[in-house]
Amino acid sequence: MVDFIFGNAAVVLQNCMIYARKPMSGQQNTVTAQGRTDPNQNIGISIHNSQVMASFDLKPVLSSFKTYLGRPWMEYSRTVYLQTYLDTLVDPVGWLEQDGNFALNTLYYGEYKNSSPGSSTSGRVKWGGYRVISSAIEALQFSVPNFIVGQSWLPSTSVPFTSGL
């Protein structure tokens, strides 16, 4: 298993191009593995207005390897994809179990208005903690100003960001 973005922090990745690489034989890709350990922690991974695509070495062998949006590294794992382009490499189920039923009802995985062939949610997992986010109000919880209080510190860094959806 290859995790590209992992850990236990609050992060918004915005306007990013995320390329899954060809894994070794017998492995699969998971874009995220978030490690929230307490449901009261205001942390997780928010991927907003980005692109998830296959790298040059994965494209020719795409049918030989599966790529998932994420897996629950810890019990209260939280990851959302907001208005992101998900290319055909994303497996139709979208998300991968860590270890059987571990954390499937305590995690929070969400998708909001993503686009492209890999964004269809019709075949996604049926876990208690997975949701297709239909409300902009719910999605805004994972935006720069609300999730990482970015409007209070990002302007001083000169890092460009979008404050809303």
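**Exercise 1. Work out the surroundings of Ser 77 in this predicted model.**

Start with the neighbours: leaving aside residues up to four places away in sequence, Ser 77 touches Gln 34, Arg 36, Arg 71, Pro 72, Leu 107, Tyr 108 and Tyr 109. Next, find its spot in the fold: Ser 77 sits in the loop between strand E7 (67-72) and strand E8 (78-82).

Now, is Ser 77 buried or exposed? Its relative accessible area is 0%, and buried means under 20%, so Ser 77 is buried.

Last step, the polar side: a polar atom of the Ser 77 side chain lies 3.1 Å from the backbone oxygen of Gln 34.

**Exercise 2. Classify the ring pair Trp 95 and Tyr 130, and place both partners.**

To describe a pair of aromatic rings, take the distance of the centres and the angle of the planes. The structure holds seven aromatic pairs. For Trp 95 and Tyr 130, the numbers are 6.3 Å centre to centre and 55° between the planes, which makes the pair tilted. Then look at the chain: Trp 95 is in the loop between strand E9 (85-86) and strand E10 (108-112), while Tyr 130 is in strand E11, so the pair links distant parts, 35 residues apart.

Check burial too: Trp 95 has 1% relative accessibility and counts as buried, and Tyr 130, at 11%, counts as buried as well.

**Exercise 3. Do likewise for Tyr 108 and Phe 142.**

This pair is tilted, with 5.3 Å between centres and 40° between planes. Tyr 108 lies in strand E10 and Phe 142 in the loop between helix H1 (136-140) and helix H2 (144-147), so the pair ties together parts 34 residues apart in sequence. Tyr 108 is buried at 14%, and Phe 142 is buried at 2%.

How values were computed: Residues numbered from 1 in each chain as written. Predicted model: local features only at pLDDT ≥ 70, side-chain atom pairs only at ≥ 80, totals over all residues. Heavy atoms only, no water. Helix = DSSP H or I, 4+ residues; strand = E, 2+ residues; numbered from the N terminus. Buried < 20%, exposed > 50% of the residue type's maximum accessible area, 1.4 Å probe, protein only. Polar contact = N/O pair within 3.5 Å; in protein donor to acceptor, adjacent residues only side chain to side chain. Contact = heavy atoms within 4.5 Å. Phe/Tyr/Trp six-rings, centres within 6.5 Å; stacked < 30°, edge-to-face > 60°.
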